[in-house]
Amino acid sequence: MRLLCSLLGTLFFVVACAGSFDAGKDMTAFGDRFSEAMRWQDYLGAANFLHDDVRNDFLDQFQQDDDLRVVDSRIVSIDLNAEIKVASADFRLEFYRLPSMRVKKWQWSQEWQLQQQKGFKSPVWLIVNPPPPLP
């Protein structure tokens, strides 16, 4: 099931890169797809939105945590600087860990960069900073 979700996430990622490019609109769309993958605990799909340098840190933190249950995932704000091809996003995650049902909140100040990936016609937005530890 996770493999299917990951493949679908990758497909959406590739399709999004094929159309015309608007930095602000595309950044919002990339952020929304990342949040959706996190909400459904599709960590392999969400990892597609991270730069290679930080992808393993992300997967090590989330993929190994079998007791983690996501309640909500969203980007609260985006500060875009299209001129220098960077964006800062305030990502929020609400979760609990079994056996507890106490919901906790976690924040990740993400740094996104617009990058041209090999094999893609349009540039893609990727997160370039690793996530902080979950409490």
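## Exercises on a predicted model

In this predicted model, strands β1 and β2 pair in the antiparallel sense, and their pairing runs over 12 bridges.

**Exercise 1.** Work out in which order the strands of the open sheet lie, and which strands are at its edges.

*Solution.* Begin with the order, which is β1-β2-β3-β4 for the four strands of this open sheet, with antiparallel pairing. Next, look for strands that pair on one side only, and these edge strands are β1 and β4. Then consider the angle between neighbouring strands, which are turned by 30 degrees against each other on average when direction is ignored. For a single example of a bridge, take D79, whose partner in β2 is S88. Finally, add the helix α4, which lies across β1, β2, β3 and β4 and runs at about 160 degrees to β3.

**Exercise 2.** Find which residues of the largest nonpolar core touch the most other members, and which elements supply this core.

*Solution.* The core holds 31 residues, and those touching the most other members are F34, M38, F58, F62, L93 and W112. Turning to the elements that give two or more residues to this core, one finds the helices α2 (23–39), α3 (43–47) and α4 (52–62), together with the strands β1 (68–81), β2 (86–97), β3 (104–115) and β4 (124–127). As a last step, follow L93 outwards: leaving aside residues up to four places away in sequence, L93 touches M38, F62, V70, D72, S73, K104, K105, W106 and L134.

**Exercise 3.** Decide whether R97 and D65, which form a salt bridge, are each buried or partly exposed.

*Solution.* The closest N and O atoms of R97 and D65 are 2.8 Å apart. The two residues stand 32 residues apart in the chain, with R97 in strand β2 and D65 in the loop between α4 and β1. Since buried means under 20% relative accessible area, D65 counts as buried at 17%, whereas R97, at 25%, counts as partly exposed.

**Exercise 4.** Among the five salt bridges in the whole structure, trace the network that contains R74.

*Solution.* Start with D72 and R74, whose side chains meet in a salt bridge at 2.4 Å, N to O. D72 is partly exposed with a relative accessible area of 27%, and R74 is partly exposed with 32%. Then move to E94, which forms a salt bridge with R74 at 3.7 Å between the closest N and O atoms. This second pair links E94 in strand β2 to R74 in strand β1, 20 residues apart, and E94 counts as buried at 16% relative accessibility. Through shared partners, D72, R74 and E94 are joined into one network.

Notes: Residues numbered from 1 in each chain as written. Predicted model: local features only at pLDDT ≥ 70, side-chain atom pairs only at ≥ 80, totals over all residues. Heavy atoms only, no water. Core = buried A, V, L, I, M, F, W, Y, C linked by side-chain atoms within 4.5 Å. Buried < 20%, exposed > 50% of the residue type's maximum accessible area, 1.4 Å probe, protein only. Contact = heavy atoms within 4.5 Å. Pairing = 2+ DSSP bridges. Axes fitted to C-alpha atoms, helices over the stretch in contact; angles between N-to-C directions. Salt bridge = Lys/Arg side-chain N within 4 Å of Asp/Glu carboxyl O.
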